[in-house]
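Dear colleague,

Please find below the structure that I am handing over to you. My account of what was found in it follows directly after.

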Amino acid sequence: PGPGGGGTLEITARVTAPAYARLPAQMLRNPAVIRALEGSAVAIQAAAADSLRGLVDGQLLPGSDPAASRLTLRLGARPMALRLEGRSGARVVALEPIPDSAPVVSLDLPVRDTVLRVPQGTISLGAGLRDDLGLRDGRFEYIVSSGDGEAFTFRSGTLAARTFGGARQATLTAPLALERLALEPGDVVHLRALAFDAREDSTRGLGASETRTIRIARAGEYDSVAVEAAAPAEADKSILSQRMLINMTEALVRRRPSLAREPFSEESRRIGRDQARLRRQVSEIVFARLGDDPSGEHFHGDGHDHSGQELRPPLTPDELLKAAESATAAAAAAAVEAVQDETPIVAINRPLLEAYNAMWDAGRELEQIAPERALPHMYRALAAIQRARSAERLYLRSRPPRAVVDIDRVRLQGRDKGDPGGRTPRESLAPRDRAAMERFMGTVHRMRDDPAAAGDSLLLLRIELLDRNVRAAAALGEAAESLRSGRDATPALLRARRALEAAGAVSDSLSRWGGAR
């Protein structure tokens, strides 16, 4: 038979992992699936000096010789289906790269954030590090932030840098002498542990722990008046994160001449994702102040509170962005007076809405690989958060009153209107999952006529399901292997069908009436 004919193409594959992984090479005979570490080299040899050519999405592999009996390729970042054709037949092989995970780092000491009266003494640092393949080196990193408002500076340094020579687990300890940092009242020391694996791309092989802070109290924090301070404002949680993002962006701008385009773009987008995550935290604070669910996507109740007053429905994300733009516009006062419902929202949350709007602009610039243009927006966001922090720091002269609990509301004792709305029937499967089920059933019906083609179809479906239905993908790969080796594929096909049907399963938290089933 010619290329792609009905014969069986016999192949052997040698998989060689990247050198830094220090893994032995694998020899596979007639594999249906090749799973290996991302970046591995795959050499495929046809048996009996048969000609061999490889195609991906109908295109010949770059650099391959159709008249040769051997081809080599390197696994990229995404799975793909490789079609191999020779004079004796054809077969499909699924190439599935396994990403190398970043090191996992946990900061064990200090166990919590700390406030000190004077910058004296020694603090013990301890961290645990582990990696699936091996650790290259690790260290502690500190950043000292000084100043207030828009006038702030940063100093950074490292401690206890060590190399681990490929060990999979390690510990890192060091003493931190506060006198050597020359701290002043109001300074904040941010501490974290870093670990690197042996990959050449250090930005992808970096693992970082959570951050601990050590703050030096200001001179005016302790006075002779016995007062009980209120809890810290929610905005305090965003100050450190925004300052860290600014510091990372400034460092990225300074390193731009020495970075290639791809690592620079990836780092800028990563900072943009962190900025978007912080923006969502600010929006949750705004929704929480309105008395509704912090996510802002659900609204419970019949439209009135326990006192009978009408409640305003929650804001959608679009409405929140509109309110943020109104808060920062030059004619904000006129806009707020024109829209009466937005008046209390903007009046109470004006600094946070300004921060939200500035974070939105900064994230857009970072996603467009323009960190220089993102920095002014990030500075404005930090200044707005500082204003919100200053406006909300209250000191009570006595203990706050005990909260009064509405017992009836807590016990859900109230009036029920008794007219629930009609329910809309839902599809048992999403359109994408329903299409996958139809492809699977069509392949099963054609299995008796052409088992080899059915195995290829199952592998193609497996590649599409890897990112959203791992159980179904695993069962489909086992079924394809069984078909090619002549074994019974029924158990694997049954598991694949159950996994595909489970994608649309809906669990109901309500008990059934009268124990009906």
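A salt bridge is taken here as a side-chain nitrogen of Lys or Arg within 4 Å of a carboxyl oxygen of Asp or Glu. Glu-85 and Arg-83 form such a pair, their closest N and O atoms being 2.9 Å apart. Please bear in mind throughout that this is a predicted model.

**Confidence and overall make-up**

The mean pLDDT of the protein chain is 79, and 73% of its residues reach 70 or more. Two stretches call for caution. Over residues 1–6 the pLDDT stays under 50, and the model has 15 contacts beyond four places in sequence for them. Over residues 330–343 the pLDDT likewise stays under 50, with 8 contacts beyond four places in sequence.

The protein chain has 11 helices and 20 strands. Of its 517 residues, 40% are buried. Among the contacts with a separation of 6 or more, 67% are between residues 24 or more positions apart. The chain exposes about 30,500 Å², and carbon and sulfur atoms supply 51% of that area.

**An open sheet of 5 strands**

One open sheet has 5 strands in the order S3-S9-S8-S5-S6, with mixed pairing. Strands S3 and S6 (59–60) stand at the edges; each has a single partner strand, so one side of each is left without a neighbour in the sheet. Strand S5 (residues 53–56) runs antiparallel to S6, and 2 bridges join them. Within this pair, Val-56 stands opposite Gln-59 in S6.

A salt bridge also involves this sheet. The side chains of Arg-35 and Glu-96 meet at 3.3 Å, N to O. This pair links distant parts of the chain, with Arg-35 in strand S3 (residues 33–37) and Glu-96 in strand S9 (residues 89–98), 61 residues apart. Their surroundings may be set side by side: Arg-35 is partly exposed, with a relative accessible area of 48%, whereas Glu-96 counts as buried at 3% relative accessibility.

Glu-38 lies in the loop between S3 and strand S4 (41–46). Is Glu-38 buried or exposed? Its relative accessibility is 18%, so Glu-38 counts as buried, the cut-off for that class being under 20%. Leaving aside neighbours within four places in sequence, Glu-38 is in contact with Pro-18, Leu-75, Gly-76, Ala-77, Pro-97, Ile-98, Pro-99 and Arg-204.

**Strand S13 and its partners**

Strand S13 (residues 135–148) is mostly covered, since 10 of its 14 residues are buried. S13 pairs in the antiparallel sense with strand S16 (residues 188–197) over 10 bridges. In that pairing, the bridge partner of Leu-135 is Asp-197 in S16. S13 also pairs with strand S14 (residues 151–163), again in the antiparallel sense, over 11 bridges. Here Val-144 stands opposite Arg-155 in S14. As a general point for reading such strands, in a regular strand the side chains alternate between the two faces of the sheet.

**Further salt bridges**

How many salt bridges does a search of the whole structure find? The search finds 22. To return to the pair named at the start, Glu-85 is buried, with a relative accessible area of 10%, while Arg-83 is partly exposed, with a relative accessible area of 30%.

Another pair is made by Arg-212 and Glu-210, whose closest N and O atoms are 3.5 Å apart. In this case Arg-212 counts as buried at 13% relative accessibility, and Glu-210 is partly exposed, with a relative accessible area of 36%. Elsewhere, salt bridges that share partners join Glu-267, Arg-270, Asp-274 and Arg-277 into one network.

**A nonpolar patch on the surface**

Which residues make a nonpolar surface patch of about 280 Å²? They are Val-405, Ile-407 and Val-410. Val-410 is placed in helix H7 (residues 407–410). The relative accessible area of Val-410 is 59%, and the residue is therefore classed as exposed, the cut-off for that class being over 50%.

When you open the model, I would suggest starting with the salt bridge between Arg-35 and Glu-96, and then turning to strand S13 with its partners S16 and S14.

With kind regards

Conventions
Residues numbered from 1 in each chain as written. Predicted model: local features only at pLDDT ≥ 70, side-chain atom pairs only at ≥ 80, totals over all residues. Heavy atoms only, no water. Patch = residues over 30% accessible without salt bridge, like charges linked within 9 Å, V, L, I, M, F, W, Y side chains within 5 Å. Areas by Shrake-Rupley, 256 points an atom, 1.4 Å probe, with all protein chains shown as cover. Helix = DSSP H or I, 4+ residues; strand = E, 2+ residues; numbered from the N terminus. Buried < 20%, exposed > 50% of the residue type's maximum accessible area, 1.4 Å probe, protein only. pLDDT = per-residue confidence, 0-100. Contact = heavy atoms within 4.5 Å. Pairing = 2+ DSSP bridges.
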